[in-house]
Amino acid sequence: VQLQASGGGLVQTGGSLRLSCVASGRTFSSYTLGWFRQAPGKEHEFVGAIRWSGGSTYYSDSVKGRFTISRDNAKNTMYLQMNSLKPEDTAVYYCAAKALGVSTPWTSGYWGQGTLVTVSS
């Protein structure tokens, strides 16, 4: 299984950016895919996730209303649309996949490499 994240870059405060995560190597119909981020000197932070089958989404409070997760089944790709970006959104963003189940830890799943998002003030 491979998860390939891309789309990071430098953006000004208030700007927008869209990240992509291409998933390959298996079918993900029984998986949840998610986005995490890690700012310099901080722990990994959950951003949001989407159930591949059905498309239901959930978000952390810090990004709710500004970020939107979607997926394209045909392209096996998950997206993270980030609007109204703030300097505190600066981080390396990772995509991950785990089997369905509230108690299933993300650490048991698959992780891609990160893509850096820098929001300038």
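Is Asn76 buried, partly exposed or exposed? The tour reaches that residue after a look at the whole chain.

**Whole chain**

Start with everything displayed, and keep in mind that this is a predicted model. Colour by secondary structure: the protein chain has 11 strands and 0 helices. Read from the N terminus, the order of elements is β-β-β-β-β-β-β-β-β-β-β. Reduce the display to the C-alpha trace, which spans about 40 × 30 × 25 Å along its principal axes. The radius of gyration is 13 Å, which agrees with the value near 14 Å that a compact globule of 121 residues would have.

Now switch on the surface. The accessible surface of the protein chain is about 6200 Å², and carbon and sulfur atoms account for 49% of that area. Of the 121 residues, 39% count as buried. Contacts can be drawn next: taking those between residues at least 6 apart in sequence, 55% join residues at least 24 apart. Selecting the charged groups gives 11 positive and 6 negative charges, and the mean positions of the two sets lie 8 Å apart.

**Strand β3 and its two neighbours**

Select residues 17–24, which form strand β3. Add residues 2–6, strand β1; β1 and β3 pair in the antiparallel sense over 5 bridges. Then add residues 77–82, strand β8, which pairs with β3 in the antiparallel sense over 6 bridges. With these strands shown, β3 can be followed to both β1 and β8.

Centre on Ser24, a residue of β3. Ser24 is the bridge partner of Gln2. Leaving aside residues up to four places away in sequence, Ser24 touches Val1 and Gln2. The C-alpha atoms of Ser24 and Val1 are separated by 5.7 Å, although the two residues are 23 apart along the chain. The relative accessible area of Ser24 is 32%, so this residue is partly exposed.

Move to Val22, which stands opposite Thr77 in β8.

**The loops on either side of β8**

Select Asn76, in the loop between β7 (67–72) and β8. Here the opening question is settled: Asn76 has a relative accessible area of 23%, and is therefore partly exposed. Check its backbone as well, since phi of Asn76 is near 50°, a positive value in a residue other than glycine. Most residues other than glycine have a negative phi.

Go on to Ser84, found in the loop between β8 and β9 (91–99). Phi of Ser84 is near 50°, again a positive value in a residue other than glycine. With a relative accessibility of 42%, Ser84 counts as partly exposed.

**Phe36 and its surroundings**

For the last stop, select residues 31–38, strand β4, and centre on Phe36 within that strand. Is this residue buried or exposed? Phe36 has 8% relative accessibility and counts as buried, because the cut-off for buried is under 20%.

Display the residues that Phe36 touches, not counting those up to four places away in sequence. Among them are His44, Glu45, Phe46 and Val47. The list also includes Val92, Tyr93, Tyr94 and Ala96, along with Trp106 and Trp111. To relate this site to β8, measure from Phe36 to Leu80: the C-alpha atoms of these residues, 44 apart along the chain, are separated by 11 Å.

Notes:
Residues are numbered from 1 along each chain as its sequence is written. This is a predicted model: local features need pLDDT of at least 70, side-chain atom pairs count only at pLDDT 80 or more; totals for chains, interfaces and linings use all residues. Side-chain values use heavy atoms; hydrogens and water are left out. Helices (H or I, at least four residues) and strands (E, at least two) are DSSP runs, numbered from the N terminus. The radius of gyration is taken over C-alpha atoms; the globule rule is 2.2 Å times the number of residues to the power 0.38. Buried means under 20% relative accessible area, exposed over 50%, partly exposed in between (1.4 Å probe, protein chains only). Contact means heavy atoms within 4.5 Å. Accessible areas come from the Shrake-Rupley method with a 1.4 Å probe; for residues, only the protein chains shown count as cover. Lys and Arg count as positive and Asp and Glu as negative; His and the chain ends are not counted. The place of a charge is taken as NZ of Lys, CZ of Arg, CG of Asp or CD of Glu. Two strands pair if DSSP finds at least two bridges between them.
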